[in-house]
Amino acid sequence: MDGTNKNLTRRQFIAAASAGSLAGIASKSIPAYGNVTKKAGKLAILGGEPVRKNRSWPRWPYWDPKVVDSVVETTKSRIWCRIQSKSGTVPTLEKKFAELIGAKFCVATGSGTQALHTCVEALGIGPGDEVITSPYTDPGTIASILSARALPVLADLDTESYQLDPDDVERRITESTRAIMPVHMMGQPCDMGRIMAIAKKHNLKVIEDTAQAHLSEYRGRKLGTIGDLGCFSFQSSKTIACGEGGAVVGNDEELMDKCYTVHNHGTSRRGRTEVAGPKYRMNEFEAAVLLGQWSGILERFNRRNQNAAYLTSALKDIPGIRPQKLYEGTASGSYYLYATSYLKEHFNDIERGTFLKAVAAEGVSLSPYIAQGLHREPWIDHILSRPVYKKMFSEKRLRQYREEIDCPNCDRVCREMAMIWASGPLLGSKRDMDDIINAIAKVYENRDKLSRV
Ligand SMILES: Cc1ncc(COP(=O)(O)O)c(C=O)c1O
């Protein structure tokens, strides 16, 4: 975005847009809107020409011949399991990933959910304990707490950042709370300054759910290295991917040694079976896929950040499209997802579903993402009806848990979300980004016609 556009204030933009002269302004003063003016005619959903056609997005997950060679090499080596060699792909990945993230230690696992559960167990959290986390996340987050037979307590969100609201986190602390599990949604940092301060004040552990947030940086540190432990996912859609995979990172040697023991069916590096633990080892093929893509990881990360900055600089000026709020101290994000809120009051009250269909017809796919928060899913009835939870928690606590399950801000985020699965698309060209901007701007300009859709 150049200086010309910066000079166009939001008020001028809204005035121009509502006076129906946005296209004129766009052609003169908003170069980043590119060819929207020429194409701003009839909406594609009403039979007009789409902004984008016959062009594909960069595909995801990523592979190139180096990834294939790496898998072939592992196949031929006959080292397919991490315990066969100290220099196999899994131990190598652990060293390289710790280095990349700026952590002292790493233990690779079979998924992000496994990484999180490993941490919960290694910290000694179990029956009767509570862990505060977000309702706006993948079910794997709470599965890690439930697998330890602890109670996931859901705190509400900041509606603009989609992250945990630290005030609500603090409100939900009880005498049984042992840890906070902040989830860095969309690959952007939570308000970690405040979350860490709350944890310190109440003597709680912090397990960062960094499943979406590879390489994101906050106040000079990579996410995953701020709390006691950090957990990553390498599931297919993530910005570093191998199908299914995960990792725990941390700086405390003893605690990370415990993570190794837990994830290795309770058997330590010293060969003694010491604690109860699942078998969550990453296999050598998964690590081979990850190592095969290593050389391009930083380049792809930087490209997504550049494209995201370009998108935000244009989209923030479209009334009714509010890019995700980033907390002060955010230096970069993984941009696993590029997220915005759709505020229908700026679009003549047109429902989000109609808006998404209209943008899709222009050749740009936006997703509503998570349909409803985890506080609205049936697992709550399931655990509250189970004798084991009735044994672990008092009747009073379980009644209060049920009564306080509401998260209205999360409901709002679910209603307003309009995001792009960004791992592949944000690797695109400037023209690809312009297509996204132009498609949304075109629908905005034609919002009065959407009632006919
Ligand atoms: C925020 C979050 N937490 C946890 C997970 C679980 O990771 P995995 O699918 O690798 O088990 C995911 C995966 O989508 C996630 O997005």
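**A tour from the ligand outwards**

Select the ligand together with Asp-209: one of the ligand's nitrogen atoms is 2.7 Å from an N or O atom in the side chain of Asp-209, a polar contact in the sense of a pair of N or O atoms within 3.5 Å. This is a predicted model, in which local features need pLDDT of at least 70 and side-chain atom pairs count only at pLDDT 80 or more, while totals for chains, interfaces and linings use all residues. Residues are numbered from 1 along each chain as its sequence is written, and side-chain values use heavy atoms, with hydrogens and water left out.

Add Lys-238 next, where an N or O atom of the side chain lies 2.6 Å from an oxygen atom of the ligand, and then Asp-138, whose side chain places an N or O atom 3.4 Å from a ligand oxygen. The protein buries 92% of the 390 Å² that the ligand exposes when taken alone (Shrake-Rupley areas with a 1.4 Å probe).

Now widen the selection to the 14 residues that surround the ligand, the closest being Gly-112, Thr-113, Asp-209, Ser-233 and Lys-238; a residue is included if one of its heavy atoms lies within 4 Å of the ligand. This shell divides into 2 nonpolar, 9 polar and 3 charged residues, with Gly counted among the polar ones.

Finally, show the whole protein, which has 19 helices and 13 strands (DSSP runs of H or I with at least four residues, and of E with at least two). Along the principal axes, its C-alpha atoms fill a box of roughly 75 × 60 × 35 Å.

Terms used
A polar contact is a pair of N or O atoms within 3.5 Å; within protein, one must be able to donate a hydrogen and the other to accept it, and residues adjacent in sequence count only if both atoms are side-chain atoms.
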